[in-house]
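Trainee: Could you please take me closely through a single part of this protein, one of its pockets?

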Amino acid sequence: MGEFKVHRVRFFDYMPSAISAMAFNVHTERLAVARADGTVEIYNFADNCFQEKVIPGKDGRTVEALCWAGQRLFSTGLNGEIVEYDLENLRSKYTVEAYGGPVWTISSNSQGTQLAVGCEDGTVKIFELVEDSIQFQSNFDRLKSRVLSLSWHPSGTQIAAGTMDMIRVFNVTTGHATQRMMVDRAAGANKKKEVAVWSVVFLSDNTVISGDSAGKVQVWDSQMGTLIRTHLVTKWDVMALAVSRDESSLLAGTSEGSVVQFQFISARLDQPDKEWQRTRTLRSHSHDVRALVHTDTAAVSGGNDAHLVVRPFMEKVVKGSKESAPCKITFPHRSLVSCGKKAGILLFQFPERLEVWRLGETHCVYACSLQGDDHICCSTLSPCGGWLAYASASSVRLFQLQYDNDSIALTKVKLPKVLRWANQLCFSADSSRLFASFSQSSVLVFALSKSEAKYVHTLKPKSGETTAVHLMSTSDDGQWLATANSDCEVHVYNLKKLKYHCTVPVYGSCPSAMAIHPTGSNVVMVHADQKYSLEQKEYTEWSRSLAKKGLHGSWLNRVAPVTHVSFSASNPDYIILHDMNMFCIIDKSLPLPEKDSDLCNQNQLRSMNEAARVKDSHAFKICEMFKNLLCVGLMEDHSLVVVERPLLDIATRLPAPVRQKKFAT
């Protein structure tokens, strides 16, 4: 594999935000995840849980609840607004004031025609979905305390509402309460302390299940208004509930970090009647579990420790398969680090600021705070280190960097008004052009000079694609630009002629990383399912041989997607790529690994004689020395920059959990 000088960087102080809400669309297999800073992420569970879209947050806008209504995504928060998201352009589409104070919860009926929201003033409000908007329809009878949780009956005729000390069942047509169920306090609890019903689910047999701040999961008969059974799960809060599609399994998330499963089964084999029985406890979090989703095969949880955890049910998957492996997602599936490889400069992206660091320095040489409420959605540094650009949902900023010994000064450069916002930004290899992805997968081209940026052209795909671009890459010779979107399309443009060139053969998995080879006009793409291709209007010979032989099983069973691809200028046969747990150099001059061989065999090769080493060598050279990788980049002097963010550092900055595990307890 050769030797590299490695710059090991651990001063990127990135802190993932807590997960506050989740919603799963069973029809599209998309999981929406909201974080405490207002960011909304979309994961494709049909494509290896790949994070295909990110909608940046905004100061002052929290997200307390999410819900899907058909293909449309809505959220609510403590600012009292209902937000619908534009999933094509990755921004909020519009906001509607609920006029009930902070909105704690939102839920859609199974038909996807109505929304119900629960407000601080004790009202449940119904909104009707119309084309490109929602309209207020009705108010239910006002309750005496805030509405914390809602759940529709599958028929769409009733709604269960969880409040303080009480669960109410409403008739949707009349808006009147038909049942009132009082939630009792746990044994030994302070009688004056109210019990918050944090979550409710309404089953098709008219059973209501609640989770509350007294640590109880309770099963209710909503027709009679009576309590069927109480399960004391924890001494702390039950924060979230989720039920399976067939209503045979229930998950409860607690504030001590555990997820408890209940199943609707018979207590004994000779007893035909079924009841809700506690069957297992999953421990994947150190802090509150605030959001839960129950898919057909797995428990998906998230909370204050910022980890998104997917825990498969072993009875639902094939043992030893990739689907049976637990998955923990902490970092974005996109780069937050940009390298000025010719200048030895690094750019770190935070939601509200940017930091510029110089390799070899022990302090940040420049910090740039964002103006306005919108958070940063993308940023980039030119290869020469002389230009910096970033974009939010409402603006794009371009700066020229001037270096003076140990200090850096930034000069703002005005951009043409045609560029109002951007999803992705990229500089050309010679730093003379800026490319900005805009609406409908189009790309705006700007020529850069000492003091200005001049609009040149707009590149558009022939397909009429409307999905946002999430990857862009330019060739070193300045001739080619490649873009990728979440519909798995990769478009290539000729920058000399400023026109569309081709669309590479569409593969069924979304590209997670992409780059253009520096010496050959080949696009290298790595997909979310861990497969990759190298194309020039058609698959190359090497890519065909890879497709024919197949990738090694150990490679395919990796959980984390590859997030970056680069090349070695000194050796055109080297492809350098990395995910969160390793980086790999693929040597195309060597044979592909056999299926029964050891994929990670670098240590074994070192102990062999030369003849045996040549015999057992294969193309995949994997290094697992570095962990929690945010970036692996090759600099102009052929040294490697490895940016790590140790999970232990993140854990030490979290607030103390309500319960800390002690030895032998």
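Mentor: The account below concerns the second largest pocket and its lining. The model is predicted, so local features need pLDDT of at least 70 and side-chain atom pairs count only at pLDDT 80 or more, while totals for chains, interfaces and linings use all residues. Residues are numbered from 1 along each chain as its sequence is written, and side-chain values use heavy atoms, with hydrogens and water left out.

Rolling a probe the size of a water molecule over the atoms shows where empty space is left. On a 1 Å grid over the protein atoms alone, a pocket is an open set of points where a 1.4 Å probe fits, with protein on both sides within 12 Å along at least five of seven lines. The second largest pocket has a volume of about 1,300 Å³, a volume being the space filled by probe spheres set on the points, which are joined across faces, edges and corners.

Its lining comprises 48 residues, each with an atom within 4 Å of a point. Closest to the centre are Cys339, Met472, Ser473, His564 and Val565. By class, the lining holds 24 nonpolar, 20 polar and 4 charged residues; Ala, Val, Leu, Ile, Met, Phe, Trp, Tyr, Cys and Pro count as nonpolar, Asp, Glu, Lys and Arg as charged, and the others, Gly among them, as polar.

Several strands (DSSP runs of E, at least two residues, numbered from the N terminus) each supply at least two lining residues, including S30 (337-340), S42 (469-474) and S49 (564-568).

Elsewhere, Ser199 lies in strand S18 (residues 197-202) and is buried, with a relative accessible area of 9%, buried meaning under 20% (1.4 Å probe, protein chains only). A polar atom of the Ser199 side chain lies 3.1 Å from the backbone nitrogen of Leu241.

Key: Helices (H or I, at least four residues) and strands (E, at least two) are DSSP runs, numbered from the N terminus. Buried means under 20% relative accessible area, exposed over 50%, partly exposed in between (1.4 Å probe, protein chains only). A polar contact is a pair of N or O atoms within 3.5 Å; within protein, one must be able to donate a hydrogen and the other to accept it, and residues adjacent in sequence count only if both atoms are side-chain atoms.
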